[in-house]
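Q: Could you take me through one part of this protein up close, slowly enough for a first-year student? I'd like to see how that part fits in with the rest of the chain.

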Amino acid sequence: MTVQPKKLKGRAFLTPYLFILPWILGFLAFTLGPMLFSLVMSFFDWPVVGEVTFVGVDNYVNMFTDDPLFWQSLWVTIKFALLFVPLNLFIALFLAMMLNQKVKGSGFFRTVFYLPSVISGVALAMIWAWVYDGEYGIFNYLLSLVGITGPDWLNDTSWALVAMVIASLWGQGSMVLIFLAGLKSIPESLYEAASIDGAGAVQKFFRITLPMVSPTILFNLIMTIISAFQQLSLALLLTGGGPLQSTYFYAMYAYDNAFKYFKMGYASANSWFMFVIILVLTFLVFKTSGKWVYYEGDNRRGGEEA
């Protein structure tokens with residue numbers, strides 16, 4: 001016999017909506033509203049001061065056909081994402097596994113690894129500017145101890161993007177904590193059963209740990225992709241897009257169009273194209289997640305029936 005839920009009426013029906021009303025108002029005022037407004041702006045020649053002119057899709061057409069900086073900044077961002085996303089996931093998972101070990105002082109190390117996440121972006125950029133200094137930087141000093149002459153990291157077109165990737169990997173404390181929470185949720189009995197069956201550490205990692213934390217990997221993968229394509233503050237403060245635009249990220253390109261050249265409509269078109277890229281990549285990740293994400297308690301592997 002199935003019990004039908006009672007239908008709420010009057011004040012009881014409205015009460016839950018009253019609780020979420022502040023969030024709804026904030027979402028409309030500070031997220032959805034500005035997004036829709038920027039979509040409208042993208043179809044206009046919209047200077048900060050002066051007459052606004054409707055130009056249709058000209059901003060989008062010019063962006064693709066008559067702006068080499070668009071392709072340059074997009075290519076720099078893609079190269080950065082290709083390096084940053086896998087490295088960020090791998091290092092965060094590795095650190096989380098280290099912190100998951102039952103050793104004395106693990107709480108201290110968790111605090112140490114999380115600290116960079118609470119440091120402001122400006123302070124972090126100043127620290128890395130000193131670390132990367134070609135003449136007095138600690139990075140090159142450490143390399144000199146083993147007989148290696150380091151490059152001028154932030155002024156060398158071959159190394160500037162690599163330097164940005166390393167600096168960006170520094171603030172991954174939140175991701176480490178999320179991985180750590182995922183590792184803590186794995187039942188110890190699975191490892192014990194695997195040990196009885198004679199499984200080694202590598203087999204346990206690939207057969208138990210990776211499948212069990214795959215939902216966490218999915219979440220962190222999407223967050224890392226979004227973060228990679230929105231990279232701005234560190235590059236703006238460390239290199240300003242140089243040298244020779246080797247670190248001129250797409251977000252910086254949109255930022256310059258908006259606040260340096262005051263082309264608000266064109267910058268809105270840039271931003272919407274970035275939104276579409278992130279949306280497509282996120283969709284592809286979700287679409288493929290059925291092949292590699294395992295949900296415990298669900299008799300499926302991802303979205304496919306077993």
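A: Let's zoom in on helix H12 and the loops on either side of it, and then wander out to the rest of the chain.

One thing to keep in mind from the start: this is a predicted model. The mean pLDDT, which is the predictor's confidence in each residue, is 87 for the protein, and 93% of the residues reach 70 or more. Over residues 302–306, though, the pLDDT is below 50, and that stretch has 11 contacts in the model beyond near neighbours in sequence.

Now for H12 itself. This helix runs over residues 250–259 and is mostly covered, with 8 of its 10 residues buried. Which ones are they? The buried residues are Tyr250, Ala251, Met252, Tyr253, Ala254, Asp256, Asn257 and Ala258. And what do they pack against? Their partners are helix H2 (58–65), H3, helix H10 (201–229), helix H11 (233–238) and helix H13 (264–292).

Let's follow Tyr250 inwards. Tyr250 is among the residues with the most contacts inside the largest nonpolar core, along with Met63, Phe80, Phe179 and Leu238. That core has 64 residues. Helix H3 (residues 68–99) gives the largest share of this core, with 13 residues.

Leu238, another name on that list of well-connected core residues, shows what such contacts look like. Skip its neighbours within four places in sequence, and Leu238 is in contact with Ala125, Trp128, Ala129, Leu154, Met164 and Ala167.

Two of those partners, Leu154 and Ala167, also turn up around Tyr132, which contacts Phe139, Asp152, Trp153, Leu154, Ala163, Ile166 and Ala167 once its neighbours within four places are left aside. Tyr132 sits in the loop between helix H5 (121–131) and helix H6 (138–145). Is Tyr132 buried or exposed? Its relative accessible area is 1%, so Tyr132 counts as buried, the cut-off being under 20%. The C-alpha atoms of Tyr132 and Trp153 are 5.8 Å apart in space, with their places 21 residues apart in sequence.

Back to the surroundings of H12, starting with the loop that comes before it. Pro243 lies in this loop between H11 and H12, and a cis peptide bond joins Gly242 and Pro243, with omega about -5°. Gln245 is in the loop between H11 and H12 too. Although Gln245 is not a glycine, its phi is positive, at about 60°. Why is Gln245 called partly exposed? Because its relative accessible area is 35%, which falls between the 20% and 50% cut-offs.

On the other side of the helix, Phe262 lies in the loop between H12 and H13. Phe262 also has a positive phi, near 55°, in a residue other than glycine. With a relative accessible area of 44%, Phe262 is partly exposed.

Next, a look at helix H2, one of the helices that the buried residues of H12 pack against. Asn59 is found in H2, and its relative accessible area of 8% makes it buried. Leaving out residues up to four places away in sequence, Asn59 touches Met41, Ser42, Phe43, Phe44, Gly265, Tyr266 and Ala269. How far is Asn59 from Tyr253? From C-alpha to C-alpha they are 14 Å apart in space, while 194 residues separate them in sequence.

Finally, for contrast with the buried side of things, look at helix H1 (residues 10–41), where Leu21 has its place. Leu21 is partly exposed, at a relative accessible area of 37%. Together with Phe13, Leu14, Tyr17, Leu18, Phe19, Ile20 and Leu25, Leu21 makes a nonpolar surface patch of about 840 Å². Leu36 lies in H1 as well and is also partly exposed, with a relative accessible area of 47%. Its C-alpha atom is 29 Å from that of Gly121, and the two residues are 85 places apart along the chain.

So that's the tour: H12 is mostly covered, with Gln245 in the loop between H11 and H12 and Phe262 in the loop between H12 and H13.

Terms used. Residues numbered from 1 in each chain as written. Predicted model: local features only at pLDDT ≥ 70, side-chain atom pairs only at ≥ 80, totals over all residues. Heavy atoms only, no water. Patch = residues over 30% accessible without salt bridge, like charges linked within 9 Å, V, L, I, M, F, W, Y side chains within 5 Å. Areas by Shrake-Rupley, 256 points an atom, 1.4 Å probe, with all protein chains shown as cover. Salt bridge = Lys/Arg side-chain N within 4 Å of Asp/Glu carboxyl O. Helix = DSSP H or I, 4+ residues; strand = E, 2+ residues; numbered from the N terminus. Buried < 20%, exposed > 50% of the residue type's maximum accessible area, 1.4 Å probe, protein only. Core = buried A, V, L, I, M, F, W, Y, C linked by side-chain atoms within 4.5 Å. Contact = heavy atoms within 4.5 Å. pLDDT = per-residue confidence, 0-100.
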